[in-house]
Amino acid sequence: KTIHVLNGPNLNLLGQREPAIYGHQTLADIETLCRKAAGDTHDVRFRQSNWEGQIVDWIHEARGSACGIVINPAALTHSSIAILDALTAFDGPVIEVHLSQVHRREAFRHHSYVSQRADGVIAGLGPQGYAAAIRHIVALTGD
Ligand code: DQA
């Protein structure tokens, strides 16, 4: 079984980008954390794009091949109906993750289109939020 982990725009800069908000860990560090959390029962397909359409294509690809999706849509969280619609066409569990506690930040970060479809939302736990989301999908989808 494979869990797809999708990351949106600017997350390739993690570790360098606004460390006071997003911390010093890189996206590669988060990938390692996800693989550990998945254990040996589940594989992890870990990807990042700065392009909305690429993320839509990856969600389509997850149909039929992923047992669940963990997604940090980054800024697209707050703007993308296309990502919401693509996730709605996916049948398995979807967990939305944000490194920062978006509800304690600017008002424009308080609304998420993706939350309309997400089965769970994790915000403010930093990289550990990804691990928690993975463990949840592992528990749901068995071995
Ligand atoms: C983010 C929060 C978003 O508001 C922001 O645009 C990001 C990252 C987070 O992980 O905290 O790029 O999704």
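**Exercise 1. Find the residues that the UniProt annotation "binding site" covers, and work out how they are spread.**

*Solution.* Start with the record: the unreviewed UniProt entry puts "binding site" on N72, H78, D85, L99, S100 and R109. Next, check the spacing: they are spread over 38 residues of sequence, and in space they are spread too, with up to 24.2 Å between C-alpha atoms. A word on the record itself: UniProt positions are given in the numbering used here, feature names are shortened, and annotations may be inferred rather than shown by experiment.

Two bits of housekeeping before going on. Numbering starts from 1 along each chain, as its sequence is written. The model is a predicted one, where local features need pLDDT of at least 70 and side-chain atom pairs count only at pLDDT 80 or more, while totals for chains, interfaces and linings use all residues.

**Exercise 2. Take L99 and S100: which is buried and which is partly exposed?**

*Solution.* First, get the yardstick: a residue is buried if 20 or more other C-beta atoms lie within 10 Å of its own, exposed if 12 or fewer, and partly exposed in between, with C-beta atoms placed from the backbone.

Then place the residues. L99 sits in the loop between strand 4 (94-98) and strand 5 (120-123), and S100 lies in the loop between strand 4 and strand 5 as well. Helices (H or I, at least four residues) and strands (E, at least two) are DSSP runs, numbered from the N terminus.

Now count. L99 has 23 C-beta neighbours inside 10 Å, so it's buried. S100 has 17 C-beta neighbours inside 10 Å, so it's partly exposed.

Last, look at the contacts (C-beta atoms, placed from the backbone, within 7 Å). Skipping residues up to four places away in sequence, L99 touches Y22, G23, G126, P127 and G129. With the same residues skipped, S100 touches I21, Y22, R105, A123 and G124.

**Exercise 3. Where does UniProt place the feature "active site", and why can its residues be said to gather at one spot?**

*Solution.* The unreviewed entry places it at Y22 and H98. These span 77 residues in sequence, yet no two of their C-alpha atoms are more than 9.6 Å apart, so they gather at one spot.

Take Y22: it lies in helix 1. Its 19 C-beta neighbours inside 10 Å make it partly exposed. Leaving out residues up to four places away in sequence, Y22 touches L14, R17, L99 and S100.

Then H98, which lies in strand 4. H98 is buried, with 23 other C-beta atoms within 10 Å. Beyond its neighbours within four places in sequence, H98 is in contact with N72 and A123.

**Exercise 4. Describe what surrounds the ligand.**

*Solution.* List the shell first, taking residues whose C-beta atom, placed from the backbone, lies within 6 Å of the ligand. The list reads N10, N72, A74, A75, T77, H98, L99, S100, V102 and R109.

Sort them next. Ala, Val, Leu, Ile, Met, Phe, Trp, Tyr, Cys and Pro count as nonpolar, Asp, Glu, Lys and Arg as charged, and the others, Gly among them, as polar. That gives four nonpolar, five polar and one charged.

Finally, zoom in on N10, in the loop between strand 1 and helix 1 (19-22). N10 isn't a glycine, but its phi is positive, about 75°. With 14 C-beta neighbours inside 10 Å, N10 counts as partly exposed.

**Exercise 5. Which residues of helix 2 are buried, and what do they pack against?**

*Solution.* Begin with length: helix 2 (residues 27-38) has 12 residues and reaches 16 Å from first C-alpha to last, close to the 16 Å expected at 1.5 Å a residue. The expected span is 1.5 Å times one less than the number of residues.

Pick out the buried ones: I30, C34, A37 and A38. They cover an arc of only 95° around the axis, which puts them on the same side of helix 2. The arc is that of the directions from the helix axis to the C-beta atoms. Over on the other side, A28 and K36 are exposed.

Now the packing: the buried residues of helix 2 pack against strand 1 (2-7), strand 2 (43-48) and helix 5 (128-141). To finish, see what follows helix 2: G39, with a positive phi near 65°.

Definitions and conventions: Contact = placed C-beta atoms within 7 Å. Near = placed C-beta within 6 Å.
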